[in-house]
Amino acid sequence: MNYDLVIVGGGPAGLAAAISAKENGINSILVIERDRELGGILNQCIHNGFGLHIFKEELTGPEYAEAFIDKLKALNIDFKLNTFVLNINKEKELSVINSVDGFFKIKSKAVILAMGCRERPRGAINIPGNRPSGIFTAGTAQRFINMEGYMVGKKVVILGSGDIGLIMARRFTLEGAKVEAAAEIMSHPNGLNRNIAQCLEDFNIPLLLEHTIIDIKGKDRVEGVVLAKVDKDWNPIKGTEKYIDCDTLILSVGLIPENELSREMGIEIDPVTQGPKVDESLETNIEGVFSCGNVLHVHDLVDNVTKESYRAGKCAAKYIKNELKKISKSINTVPSTGISYIIPQRINLANAEDNIHIFMRVKDIYRNIKIIAAVNGIPIKEFPKKQLYPSEMESISLKRDELFKFNPDEISFYIE
């Protein structure tokens with residue numbers, strides 16, 4: 001089986017990338033999705049707030065997905081459901097399996113990795129205590145309630161302030177459960193400000209910052225949790241313990257990009273984003289392999305996933321048509337003071353568009369500051385910002401012609 005382009009993942013990133021590649025002249029495209037339907041995580045996100053940037057209106061997650069699924073089908077793009085990619089080699093040959101075709105291989109000219117991300121489980125954060133039933137990640141609880149029709153608890157405590165956890169606080173309340181509190185180990189929330197307001201404050205759900213869970217009570221089912229305040233090193237402070245009676249604990253403690261396939265291929269992984277290192281075309285260190293969406297870095301808005309994936313599809317199409325120039329020298333982008341990471345990690349000016357979009361997350365809350373772009377320690381451009389939050393992705397643009405003047409080996413970004 002041969003295709004010009006194979007896209008691994010049929011969620012918002014994969015759908016947008018496939019549509020973009022088709023619109024940019026590639027006809028032989030296959031989307032591979034391991035779930036029973038296209039749309040990915042959007043299918044269980046029945047709340048609104050999607051599509052404000054792409055469609056200029058508020059949609060629910062399934063409505064947003066449906067718009068792209070309908071377009072994918074209208075463009076006659078091939079897709080396979082309930083299908084798993086076992087391996088991809090450096091020659092872009094995929095080993096694939098499903099219950100209909102069995103085991104088979106697909107050869108492609110280019111691959112786009114759009115596998116999304118998974119939730120960080122209890123084992124990753126080492127909460128002590130018993131292991132009773134009633135402990136769920138936020139996304140698992142969301143799927144049970146919104147798609148399978150099961151109510152997972154009546155008295156709930158949420159650990160973490162990620163967006164899915166915040167949204168589930170509201171969902172539990174609307175379904176008649178009592179959310180006792182949300183606890184966050186950091187000194188600031190990790191979700192969008194609008195979700196703090198709409199999902200916690202509007203329902204009088206307390207958010208306990210600088211708090212974590214130090215014990216889980218209950219043998220067969222969760223009976224309660226013990227919270228404690230933490231110091232600046234995130235260690236529990238003795239004497240601050242507080243017991244909360246509950247039957248359900250929801251974990252909203254971060255997302256991990258699904259990059260097992262990427263690592264096996266030999267793709268360079270950024271230790272901060274835990275996604276592939278890419279250039280301005282979203283191409284990895286393996287020629288013809290591109291990455292986009294939450295498998296690249298965790299986004300806060302699906303609209304941003306869509307925009308990024310459009311670009312991945314367009315650049316993959318250019319690669320297939322031999323329109324991407326192969327030049328060894330590239331400019332490394334370096335996150336410095338106050339900045340956690342930069343996407344892309346390198347820039348090839350030969351393939352860059354007139355405006356080079358740089359995406360980043362900051363390490364803390366900042367107000368009335370500047371983002372500085374510097375070459376050899378000398379600022380070349382500054383971007384005034386009224387406020388920046390770690391929970392919200394920030395973007396700036398550099399002119400390609402400006403960088404040509406300096407022709408640097410690297411460009412650093414920092415907060416001033």
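The following exchange looks at a cavity and some salt bridges in a predicted model.

This is a predicted model in which local features need pLDDT of at least 70 and side-chain atom pairs count only at pLDDT 80 or more, while totals for chains, interfaces and linings use all residues. Residues are numbered from 1 along each chain as its sequence is written, and side-chain values use heavy atoms, with hydrogens and water left out.

Student: How many salt bridges does the count come to?
Tutor: Side chains of opposite charge can pair when their charged atoms come close. A salt bridge here is a side-chain nitrogen of Lys or Arg within 4 Å of a carboxyl oxygen of Asp or Glu. By this rule the count is 23.

Student: Is Glu258, which meets Arg34 in a salt bridge, buried or exposed?
Tutor: The side chains of Glu258 and Arg34 meet at 3.3 Å, N to O, and the two residues lie 224 residues apart in the chain. Buried means under 20% relative accessible area, exposed over 50%, and partly exposed in between (1.4 Å probe, protein chains only). Arg34, at 47%, is therefore partly exposed. Because its relative accessibility is 14%, Glu258 counts as buried.

Student: Which residues are joined into one network by salt bridges that share partners?
Tutor: Glu394 and Lys385 form a salt bridge, with their closest N and O atoms 2.7 Å apart, and both residues are buried. The network that arises from shared partners joins Asp35, Arg36, Glu37, Arg143 and Glu148.

Definitions and conventions: Helix = DSSP H or I, 4+ residues; strand = E, 2+ residues; numbered from the N terminus.
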